[in-house]
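Biologist: I would like to learn how to read a few features of a model. Where should we start?

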Amino acid sequence: MTNFNLPIIDLADSSKSNCATLLEAASQHGFLLLKNHLLEETEIDKLFEISKQFFDQPTEIKNELPITTNNAGYVAPFVEDLQEDGTGEGDDKEAFNITHFNLSNFYPNQPLPLIFQKNMPFISSTLRKYYVMLHMICRMLAIALDIRDNNGNPDHEYFVSAHALDLKTHSTLRFVHYNAIDSIDSMDSIDSNETDKVLAGAHTDYGSMTFILQRPSLGLEVFDGEKWIEIKIPESDNLNEYLIVNISDVLSFWTDGYLKSILHRVRTKNERYSVVFFCHPSDESILSPVNSKIVKNYNGNCYSLDKNGNPLTALEHLTMRLDDGYKRI
Ligand SMILES: O=C(O)CCC(=O)C(=O)O
Ligand SMILES: [Fe+2]
């Protein structure tokens, strides 16, 4: 399988030329690596510790708060099927979703297992940092796209405003655990030439952008239109140097497809943990293309309409995608 070195974007550099570099990465590849991001090594370690503590528990305990139709709680193996083309058998992974945040204090309005409850002050402080990074990236993209308001004046806060902290959103923090393949019973179903197995089916993400942390650093693959490509993270002494960012559906709709929401999946035989933060704009955000010359000239015709021909809201799009992914609940 081909490897792919993701473009690296320095979050500490807000110069106009770096905004343009970010836009190019987001429009060419849809996946990128952030360096000089805001998460400390100790924080990332702690997120994975909390995750392991939760998933190490017996199934009955994990299942005390099963996933709800509005995406909160524990996702047992095979409950979710991310594979978009309908050929999937369900994902052999388990996850816990924390969602419905009150963005003024980053506490969720959902019942939580004890392990997450105990660590909520820490988790909230991490979420606050994710939002700072989200806003920085939103602003850089808007500058590079040179978004204008109705009067033709620069509106470089357009994406930031859609993610304002006083709005209702479905941003979601997800802890995911993939089993090692030799502990999976269904070895027969694995192609004899293949040592790895798809553990999260091919899909695009539903929000505006996604931040991904993974341990170990392998298993993520993106589809380049013809073939699957394994994402390679550059060797570094510092395990936490890079944070993966994945441009998702909402930013793609807002830019008429100029920014790419790329099909991706997880395929590995190793035990793997990931901590994924799905950023969503306010539920009411309209998913129609922004006022930008670059977007107009691109003319991608790439956004969804409802049955009356109106652009979808972020919540309508999310609800549609969740219904599709959780056929089993
Ligand atoms: O586990 C990962 O690294 C990413 C999983 C994923 O793509 C998703 O849950 O949307
Ligand atoms: Fe994803």
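Modeller: With the word "element": helices and strands are DSSP runs, at least four residues for a helix and at least two for a strand, numbered from the N terminus. In this predicted model, the largest share of the shell around ligand 1 comes from strand β15, which gives three residues.

Biologist: Which elements give two or more residues to the shell around ligand 1?

Modeller: They are β8 (172-178), β14 (264-268) and β15 (272-279). The residues around the ligand are R174, Y178, H203, D205, I212, L220, H264, V266, R272, S274 and F278. By class, that shell holds five nonpolar, three polar and three charged residues.

Biologist: Which side chains have an N or O atom paired with an oxygen atom of ligand 1?

Modeller: A polar contact here needs N or O atoms within 3.5 Å. Y178 has a side-chain N or O atom 2.6 Å from an oxygen atom of ligand 1, and for R272 the distance is 2.7 Å. D205 also places a polar side-chain atom 3.1 Å from a ligand oxygen. As for cover, ligand 1 on its own has 300 Å² of accessible area, and the protein covers 98% of it.

Biologist: Now helix packing. At what angle do α1 and α5 pack?

Modeller: Angles of 65 to 115 degrees count as roughly perpendicular. Helix α1 (residues 16-28) and helix α5 (residues 120-145) pack at about 95 degrees, with axes 8 Å apart; α1 and α5 are therefore roughly perpendicular to each other.

Biologist: Which residues of α1 and α5 meet?

Modeller: From α1 come K16, N18, C19, A20, L22, L23 and A26, and they meet I137, M140, L141, I143, A144 and L145 of α5. This contact has eleven nonpolar residues, one polar and one charged.

Biologist: What should I look for in the backbone?

Modeller: Most peptide bonds are trans, and most residues other than glycine have a negative phi. Here a cis peptide bond, with omega about -10 degrees, joins R215 and P216. P216 sits in the loop between β10 (209-215) and β11 (220-223).

Biologist: Which residue has a positive phi although it is not a glycine?

Modeller: F106, with a phi of about 60 degrees. F106 is in the loop between β6 (101-102) and β7 (107-108).

How values were computed: Residues are numbered from 1 along each chain as its sequence is written. Chains are lettered from A and ligands numbered from 1 in the order in which they are written. This is a predicted model: local features need pLDDT of at least 70, side-chain atom pairs count only at pLDDT 80 or more; totals for chains, interfaces and linings use all residues. Side-chain values use heavy atoms; hydrogens and water are left out. Axes are lines fitted to C-alpha atoms, for helices over the stretch in contact, and angles run from 0 to 180 degrees between N-to-C directions. Angles under 35 degrees count as roughly parallel, over 145 as roughly antiparallel, 65 to 115 as roughly perpendicular and the rest as oblique. Contact means heavy atoms within 4.5 Å. Ala, Val, Leu, Ile, Met, Phe, Trp, Tyr, Cys and Pro count as nonpolar, Asp, Glu, Lys and Arg as charged, and the others, Gly among them, as polar. A residue is near a molecule or strand if one of its heavy atoms lies within 4 Å of it. A polar contact is a pair of N or O atoms within 3.5 Å; within protein, one must be able to donate a hydrogen and the other to accept it, and residues adjacent in sequence count only if both atoms are side-chain atoms. Accessible areas come from the Shrake-Rupley method with a 1.4 Å probe; for residues, only the protein chains shown count as cover.
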